[in-house]
Amino acid sequence: MSITYLEAIREAQAHALRDDPRVFIYGQDVGAFGGAFKATKNLQKEFPGRVLDSPISEDAMIGLAVGTAIEGMRPIIEMQFADFSTVAFNQIVNQASTLFWRTNVPCPITVRLPFGGTSGSGPFHSQCLEAIYAHYPGLVVMTPATVEDAYSMLLSAVAIDDPVIFCEHKFLYYHLKAEKLPSEALPIGKARIAREGRDLTIVTYSAMVHEALAAADELATEGWQVEVVDLRSIKPLDTDTVVASVARTGRLLCVGEAWPWGGVTAEVIARVAAESYGLLDAPPQRLNAKDTPVPYHPNLWAAHRPTARSVAAAARKLIRF
Amino acid sequence: MLHTVSGSRTVVETQLAAYRYMLRARLLDEKFAALYRAGKIHGGVFLGRGQEALSAAIGISLKKSDVFAPLIRDAAGRLAFGEPIIDAVRTYLGSALGPMRGRDGNVHRGRPQEGYLPMISHLGAMVSVVNGILFARRMKGITGIVGAACLGEGATSTGAFHESLNQAAVEKLPLVLIVANNQFAYSTPTSSQFACADLANKATGYGVEAHALDGTDFSDCLETVGSAVARARAGHGPQLVVASLLRLCGHGEHDDAGYILPEQKNSPMGRDCLKVAEDWLQKNKLADPAQFAVWRSEAIREIEEAVAQAQREPAPDPYEEKWSALSSEHLNELRES
């Protein structure tokens, strides 16, 4: 018996609906159809009146969620693809994220963003928008890389009294499997050492954790021990765990699937450089997607985003610096 | 705290109460304008001059348990819904004791948990939040409530207007969407804003009921808004109310409104609704100039007392400020950078 990343997301939602009468799900095709990715499969049947189809109106979906949160509900909003959340951008970054600060009324909404590239998805079904949401005050941004985290962090997201942008990677939906769901988890805001090593630290999150781990396997055959830090949530960002790892290795490579300008990798490097310059034995490096829209064709897509091979190449170069 | 006047009034009592909210709003706005000119207010001042009849009619048609999302020209509606004058004054003067605690100012004030929503600046964005409150209450089995959201004609051009009105229609929510067509969105005339003959026609496309009214006419405002609110309350779904009027001031007090044409000012649309209301009350022998003068001086005293009080109150202190945008303080990053 094994459970996929996607099934963990469905199970977490079922768990939240079962445990808390304030929870409901609202999104496009989430009802009888079970969602574009089937993340809400059978939930409408199991929880009548609490898994509701919305019109194709991302702005109004989030606005409605904020209104229900004011009334004490805990909505989970499914964006069909993270890319479409840009239509709801105003409501997320101006309405939801400012509500508590302006009025002292919490805004416990969870916005699920199926994000990131998969082969053949192209420019408008592949985007990584975590950094742009992390830029705004008042939002928590989660980027689980494992089945266990997909489950436990989604439960945390629903329980948190603030708006959470839950970035679930579509590339991990079906491939990633675990034996069982976890009964405990690291707290939100705490990074995880996904692999220990002493020669180089790779800091990454979400699907890129797995590319980094594959790169670390490859480098191990060459005699290098690479440490991989999975950030888990990019906001809050666990700088302490990152710095502690760099203190062990002296070398830092940040890997992100998002576009290169600004973003999570730049933020991590800025923090390490500013706070722990003396720990570095080499200039910190980062590897991101190329600065173009995400291409459709698999040949182009494989070259557009970081992969185990390009991560390994960047790591080698940094180790030899 | 909200709703100082009870919901079960006679028609005459409603008319008199509405007039008094209009008068208090006009005088409160004038005080804010004077404070602005004296340099006592940070940021903008936005008046509801010419829109008080419509606004008062909205506030007075709602019950305390209803939902109200006013816009920038709704001082009268806010008062009628039960906002104390001191909340408005504290927000304009930035008192730390006001509902927004100096974090937001002027018209951006409210008390969400009392069904009174503080607007963000992005037009049309509050409507779906009202939908959400109505949606949640329906899930909780609460019935018989109404949510009123105010917009100008400019906001009907936004995607948020379309999405939220359509959403309310699909969900058959008791939403009353009031559009004050005051002829200008900042300086943009209606000819550059929409091409339909009448904004009320838009209701057909959304499958909702429409009401058109003369926003300068006090009794039309009370009657038509009251009936739209009653229709929504009775389960007839969203109601679109379109009021024709003229903004009798600039967009804000920084704006001399040179773009408002003299022929518009001199047209029936340019009538001052406060004067129209006074004439109507006198004609119907419900009040006389002596009574108006008493009400005026009572309102001025109340406003001056509120201003004096707020001016004595502490301003927000940056060293006392929590600087936390999250309610979950443990999730803040404790870094200065």
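With 337 residues, chain B would be expected, as a compact globule, to have a radius of gyration near 20 Å, and its value of 20 Å agrees; this radius is taken over C-alpha atoms, and the globule rule is 2.2 Å times the number of residues to the power 0.38. The structure is a predicted model, in which local features need pLDDT of at least 70 and side-chain atom pairs count only at pLDDT 80 or more, whereas totals for chains, interfaces and linings use all residues. Residues are numbered from 1 along each chain as its sequence is written, and chains are lettered from A in the order in which they are written.

The C-alpha trace of chain B spans about 60 × 50 × 40 Å along its principal axes, and its secondary structure comprises eleven helices and seven strands, these being DSSP runs numbered from the N terminus (helices, H or I, at least four residues; strands, E, at least two). Of the 337 residues in chain B, 50% are buried, that is, with 20 or more other C-beta atoms, placed from the backbone, within 10 Å of their own. Among the contacts in chain B with a separation of 6 or more, 73% join residues 24 or more positions apart, a contact requiring C-beta atoms, placed from the backbone, within 7 Å.

The largest nonpolar core (a set of buried Ala, Val, Leu, Ile, Met, Phe, Trp, Tyr and Cys residues joined through C-beta atoms within 7 Å) has 204 residues, and those with the most contacts inside it include Ile202(A), Ala315(A), Met22(B) and Ile178(B). Helix 1 of chain B, residues 11-37, gives the most to this core, with ten residues, while at least three residues come from each of domain 1 and domain 2 of chain A. Ile178(B) itself touches Ile58(B), Ala148(B), Cys150(B), Val225(B), Val241(B) and Ala243(B), residues up to four places away in sequence not being counted.

Between the chains, 33 residues of chain B are in contact with 36 residues of chain A. On the chain B side, helix 5 (125-139) and helix 6 (159-170) are the elements that give two or more residues, and helix 5 gives the most, with eleven.

In chain A, the domain assignment, whose bounds come from an automatic or database source, gives domain 1 (3-178) and domain 2 (192-319). The C-alpha centres of these two domains of chain A lie 26 Å apart, and their contact takes 25 residues from domain 1 and 21 residues from domain 2.

Note on methods: Contact = placed C-beta atoms within 7 Å. Buried ≥ 20, exposed ≤ 12 C-beta atoms within 10 Å, placed from the backbone.
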